[in-house]
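Grab a pencil and work through these exercises one at a time. Try each task yourself before you read its solution.

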Amino acid sequence: MKDNTAVINEIRQIFGDSEKYAYVRSFGCQLNVSDGEKIKGLLRKMGYSFTDDENKADLIILNTCAVRESAEDRVFGIVGSMKKLKETKPSLIIGVAGCMTAQEHIAEKIKKSYPQVEIVLGTSAISALPSLLLESLKGKKFSADISEYDDFSEAVEQVRESNFKASVPIMFGCNNFCTYCIVPYVRGRERSRDPEDIIKEVRELVSSGYKEIMLLGQNVNSYGKDLKDGLSFPQLLRELDKIEGEFIIRFMSSHPKDASRELIDAIFECEKVAKHLHLPVQSGSSDVLKRMNRNYTVEKYLETVDYIYSKAPDFSLTTDLIVGFPDESDEDFNATLELIKKVRYDNIYSFIYSKRSGTKAAAMPDAISDETKSKRMRTLLETQREISSEHYKRFIGRTMRVLVDDHAKKREGYLTGKSNEFIIVEFEGDASLIGQFVDVKITDAMNWAVAGHIIK
Ligand code: SAM
Ligand code: SF4
Ligand code: F3S
């Protein structure tokens, strides 16, 4: 960890008594959101307050995602529209951080075509932010740091979005190199945090009232493989489960190739671990899985599912799917439909394949039209809707323990929350319950949520 104390003090001196506002917006996955919270932690030390109004901001940081082209286009659109803002307020500092900046061609494009951006910060260089900011405050037109410090920012206190749900990254990077995916190129190789640091952080979060702990990593179940005397992921779960208090442990994502029986046994045996598993399958065709370099077949994936269902036949599973991987045939796509019908996921997160330059799949021939890909996506979503409508009915009559999240969007007087099984639950209730656990008796099932009334 870089010692930033002197730089931070110098920035505070420059600001003096004047109030400074920062607008930090994170895109992409929860790991990136967690990085955004660390960025905010550093900014708070420098004396910044936070605003959701970019017009009020003295500093704007866009913490970007590169997983699909549409995510990048969105950020370029936003950065472009900020040119005017910079013209009307020349003292405004605009910075771009996150996964997009880790690609050289993107960092170059930002430097060349978006002069309103003065700071570019790589995914592992969060602790370089104070130095870059100081350079900007002293008048430097462009500063960038996209080097890798292997710095887990242990010492940076996060400014968390929620006061009852906390994300805890347990590892960084990915070694899997799925052929479609940019993440290993922008996040580097797997690095696991020290288990003692994780356990201490979770203990502190629980004692300060956090009710949901979300353990994060691109592939959480390979946690610890790079540590000499560390713990495996199932062992870590068992240690965290021993922490006293009323809270729930979630985690994502798990790679099916590493979803061992040991992990599944730990889920069932640890009282505080949620009874839900997000197990991204990506495709129902073993041929496509091979070309994706996923390192499992459909049969192997189904063995894992069978083991879970042998312990709990209606266990909650969710998944990620990619539609339109290069040269995905009708047979391949139909195999995906068959797979989701067989597994009966509670929810799927599906994406149309997006070509990422630098990945292996970007060089694969692809004769499938955009129209076919969109049609397949619609069919997939329609099939899942039918599955969910049917499958959610199993919750009717049951009592579900729910962590209350917020007001329900469309129903006045109603609240929404997530059950232990990661199902959205709606019910009537008072706003004072937000952030608390309640027991809800389920009376209705839709295809996206269930509804009921509080019994405790
Ligand atoms: N590490 C996690 C895993 O392997 O399950 C997923 C991380 S990735 C950020 C989230 C999801 O984005 C993936 O599961 C995949 O479905 C999707 N994804 C990744 N690259 C993609 C691409 N090039 N086009 C479309 N979807 C993509
Ligand atoms: Fe991407 Fe595959 Fe790594 Fe997930 S496991 S982040 S999909 S390369
Ligand atoms: Fe996007 Fe980076 Fe996450 S590419 S999905 S923000 S790791």
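**Exercise 1.** Find out which residues Asp327 touches, leaving out those up to four places away in sequence.

*Solution.* Keep in mind that you're working with a predicted model.
- Step 1: Locate the residue. Asp327 sits in the loop between β13 (316–323) and α12 (330–343).
- Step 2: List the contacts. Asp327 touches Arg291, Asp332, Pro365, Asp366, Ala367 and Ile368.
- Step 3: Pick one partner and check how far off it is. Arg291 is 36 residues apart from Asp327 along the chain, yet their C-alpha atoms are separated by 10 Å.
- Step 4: Check the exposure. Asp327 has 31% relative accessibility, so it counts as partly exposed.

**Exercise 2.** Work out whether the length of helix α7 (residues 195–207) agrees with what you'd expect, and then where its buried and exposed residues sit.

*Solution.*
- Step 1: Start with the length. With 13 residues at 1.5 Å a residue, α7 should span 18 Å. Its end C-alpha atoms are 18 Å apart, so the two values agree.
- Step 2: Collect the buried residues, which are Pro195, Ile198, Ile199, Glu201, Val202, Leu205 and Val206.
- Step 3: Look at their directions. These residues cover an arc of only 165° around the axis, so they lie on the same side of α7.
- Step 4: Recall a handy rule. An α-helix has 3.6 residues a turn, so residues three or four places apart point the same way.
- Step 5: Turn to the other side of α7, where Glu196, Lys200 and Ser207 are exposed.
- Step 6: See what lies over the buried residues. The cover includes β7 (165–169), β10 (212–216) and α8 (233–241).

**Exercise 3.** Decide whether Ser136 is buried or exposed, and name its contacts beyond four places in sequence.

*Solution.*
- Step 1: Place the residue. Ser136 belongs to helix α5 (residues 129–137).
- Step 2: Compare with the cut-off. Buried means under 20% relative accessible area. Ser136 has 6%, so it is buried.
- Step 3: Name the partners. Ser136 is in contact with Ile93, Glu118, Ile119 and Ser143.

**Exercise 4.** Describe what surrounds ligand 2 and ligand 3.

*Solution.*
- Step 1: Take ligand 2. Its shell holds Cys174, Asn176, Phe177, Cys178, Tyr180, Cys181, Val183, Pro184, Gln218, His255 and Arg294.
- Step 2: Sort that shell, and you get seven nonpolar residues, three polar and one charged.
- Step 3: Move on to ligand 3, which has Cys29, Asn32, Cys65, Ala66, Val67, Cys99, Arg187 and Gln218 around it.
- Step 4: Sort again. This shell has five nonpolar residues, two polar and one charged.
- Step 5: Spot the link. Gln218 turns up around ligand 2 and also around ligand 3.
- Step 6: Check the cysteines for bonds. Zero disulfides turn up in the whole structure. As for exposure, Cys99 has a relative accessible area of 10%, so it is buried.

**Exercise 5.** Hunt for unusual backbone angles at Phe177, Asn295 and the peptide bond from Met252 to Ser253.

*Solution.*
- Step 1: Know what's usual. Most residues other than glycine have a negative phi, and most peptide bonds are trans.
- Step 2: Try Phe177. Its phi is near 50°, a positive value. Phe177 lies in the loop between β8 (171–172) and α6 (183–187).
- Step 3: Try Asn295. Its phi is near 65°, also positive. This residue is in the loop between α10 (286–291) and α11 (298–311), and with a relative accessible area of 53% it is exposed.
- Step 4: Finish with the peptide bond. From Met252 to Ser253 it is cis, with omega near -5°, and Ser253 falls in the loop between β11 (248–252) and α9 (261–269).

How values were computed
Residues numbered from 1 in each chain as written. Chains lettered and ligands numbered in written order. Predicted model: local features only at pLDDT ≥ 70, side-chain atom pairs only at ≥ 80, totals over all residues. Heavy atoms only, no water. Near = heavy atom within 4 Å. Nonpolar A, V, L, I, M, F, W, Y, C, P; charged D, E, K, R; others polar. Disulfide = S-S within 2.5 Å. Buried < 20%, exposed > 50% of the residue type's maximum accessible area, 1.4 Å probe, protein only. Helix = DSSP H or I, 4+ residues; strand = E, 2+ residues; numbered from the N terminus. Expected span 1.5 Å × (residues − 1). Arc of directions from axis to C-beta. Contact = heavy atoms within 4.5 Å.
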